[in-house]
Amino acid sequence: MRITDTADLWWKTAVVYCLDVETFLDWNGDGVGDLPGLAQRIDYLEELGVTCIWLMPFYPTPDRDDGYDITDFYGVDPRLGTHGDLVEAIRTARDRGIRVIVDLVVNHTSDQHPWFISARSGKNSPHRDWYTWVDQPPKDLKLEPVFPDAETSAWEYDRKTKQYYLHRFYKYQPDLNVTNPQVRDEIAKVMGFWLSLGISGFRVDAVPFLLETIGERPGALPDPHEYLRSLRQFLGRRTGDGILLGEVNLPHDQQQLFFGGGSGSGSGSGGKGRGKGGSGTAGDELTMQFDFIAMQNLYLSLARQDAGPLAKALTERPDIPPDAQWATFVRNHDELTLDKLSDEERQEVFAAFGPDPKMQVYGRGLVRRLPPMLDGDPRRVRMVYSLLFSLPGTPVLFYGEEIGMGENLEQTSRSAVRTAMQWTDGKNGGFSTAEPEDLAAPVVTGGFSPDHVNVAAQRNDPDSLLNFIRLLTTRYRACPELGWGRFEIVQQPHSQVLAHRLTWDDASLVGLHNLGPDAVSVPFTLADTDSDCELVDLLQTGTTRPGKKGEAEMQVDGYGYRWLRVTRPGDRRLR
Ligand code: GLC
């Protein structure tokens, strides 16, 4: 095992933390979180064990889609600070060993973007072809709008110029036309710009939609994946170790194509797969992708108290290129989408975790955070995070998860989970000194309010969730087999238990997670071990010696979890 490889391919064992500057910490007292506020909390993130911050959009915006509607790809929203403030925050993070990646939202712009204002001013506008226009929406192309509660079509009629423009998201987010070389050049320039300010890559928004080349006409991209490859090559030329972390919510086999590891004939909704003679080498597109399939099956498993669905999702993950990685997560800033489950499965999860219609959106997701879904049961919450950090991949936290923040169901739709970070039990949860009515997002009330859930109290409590997550980040970083290793399910008799193992050269870890409320005794055999080995508990103290043929039996509490390092005589890793 070459431990030094973990430094080159840093993303394979990173601890990623997603935050929105607007709701993280307001330093100038105007009610809006800001970049100087972020800089103040870099040390907190370091203490937590974060190694990579993912900044949600901080660009100038009319803010109708939480900043995902951008009017200047090169700008910083003046409410949040300046380019100077951003560079200071990035530099401070770097000093603490933390990289920063930023959202790259180039599937669309805001309809207030100067390019679109120009484009809709007339058919002869130099920016007309920067967007996708048609005289009539093509009937044969079934393009569902992503937000069915707000939009009935992915095409919007523009009265002045008498054509329709494409918008896969809200109508105020016209899709850019990446078949236009000028648009492609501009996107590369945008990437180059932020890279030159010291970031380490991008979380790429809505990748399958970006690659979609609708309204195909002369000049349409013959192979959209070729375009993704070119973006990755550009990234490589501008920075040696930058990453593209893609949002690709598609079935696993289609996701494989987006790593650039596909075999050639796939037809993901993001494109046409490899064209004939496609020359890509494996691993030359996205560096990482979120594993939406494992996430959705995690919730199904939790709802059923049956590890089966999660185990199946993990086992059926396709092989990915050696340098690529899955990003695992429990929650993000969007709805908890369950769109890849069957209707019946989705209803099971709704019934268990979000029965009230106001907890559901778009017919496919929940607008809740994890702890309220689990009735605040600390055993269950910890078990889920123990699972997250022990799954094969790179864990991604959404701000506030580390202290067990809840949602605010009085907020509409996805805003429910985008509330202000809870730092103290003081005014506005320590987020801001402004008056409550001036806050960018109201503070959560009730049982998950800052009175009960806040950083300050948990930092001083050795038994807090925050300190537990810190333990998990520390152990995760000390077990690179979790990011690099070969995954297998360990056979044992209990359906409510997930027993899995990750092995990377001589390093091996077994995870036991009990999704049910009753304690169980879990017998299993580790084929390549014997009584000279030891199973060392990494989340508590204790060591167990397996039998001659590697047989062992472990107790796991109700909603319990254990991480067992398999050690052999002469093993010199620190315990
Ligand atoms: C992505 C973002 C989501 C946003 C959408 C449109 O799905 O995660 O928040 O609304 O793209 O940009």
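Colleague: How many residues of the shell around the ligand are nonpolar, polar and charged?

Modeller: This is a predicted model, where local features need pLDDT of at least 70, side-chain atom pairs count only at pLDDT 80 or more, and totals for chains, interfaces and linings use all residues. Residues are numbered from 1 along each chain as its sequence is written, and side-chain values use heavy atoms, leaving out hydrogens and water. The residues around the ligand (a heavy atom within 4 Å of it) include Tyr68, Phe147, Arg203 and Glu247. With Ala, Val, Leu, Ile, Met, Phe, Trp, Tyr, Cys and Pro as nonpolar, Asp, Glu, Lys and Arg as charged, and the others, Gly among them, as polar, the shell has 3 nonpolar, 2 polar and 7 charged.

Colleague: How far is the polar side-chain atom of His333 from an oxygen atom of the ligand?

Modeller: A polar contact is a pair of N or O atoms within 3.5 Å. The side chain of Asp65 has an N or O atom 2.7 Å from a ligand oxygen, and for His108 the distance is 3.0 Å. For His333 it is 2.8 Å.

Colleague: How much of the ligand's accessible area does the protein cover?

Modeller: Alone, the ligand has 300 Å² of accessible area (Shrake-Rupley method, 1.4 Å probe). The part covered by the protein is 96%.

Colleague: Which helices and strand each supply at least two residues of the lining of the largest cavity?

Modeller: A cavity is a set of points on a 1 Å grid where a 1.4 Å probe fits but cannot get out, and lining residues have an atom within 4 Å of a point. The lining includes Met295, Phe329 and Leu387, and 10 of its residues are nonpolar. The elements, taken as DSSP runs (helices of at least four residues, strands of at least two), are helix H11 (292-304), strand S10 (325-329) and helix H15 (378-390).

Definitions and conventions. A polar contact is a pair of N or O atoms within 3.5 Å; within protein, one must be able to donate a hydrogen and the other to accept it, and residues adjacent in sequence count only if both atoms are side-chain atoms. On a 1 Å grid over the protein atoms alone, a cavity is a set of points where a 1.4 Å probe fits but cannot get out, and a pocket is an open set with protein on both sides within 12 Å along at least five of seven lines; lining residues have an atom within 4 Å of a point.
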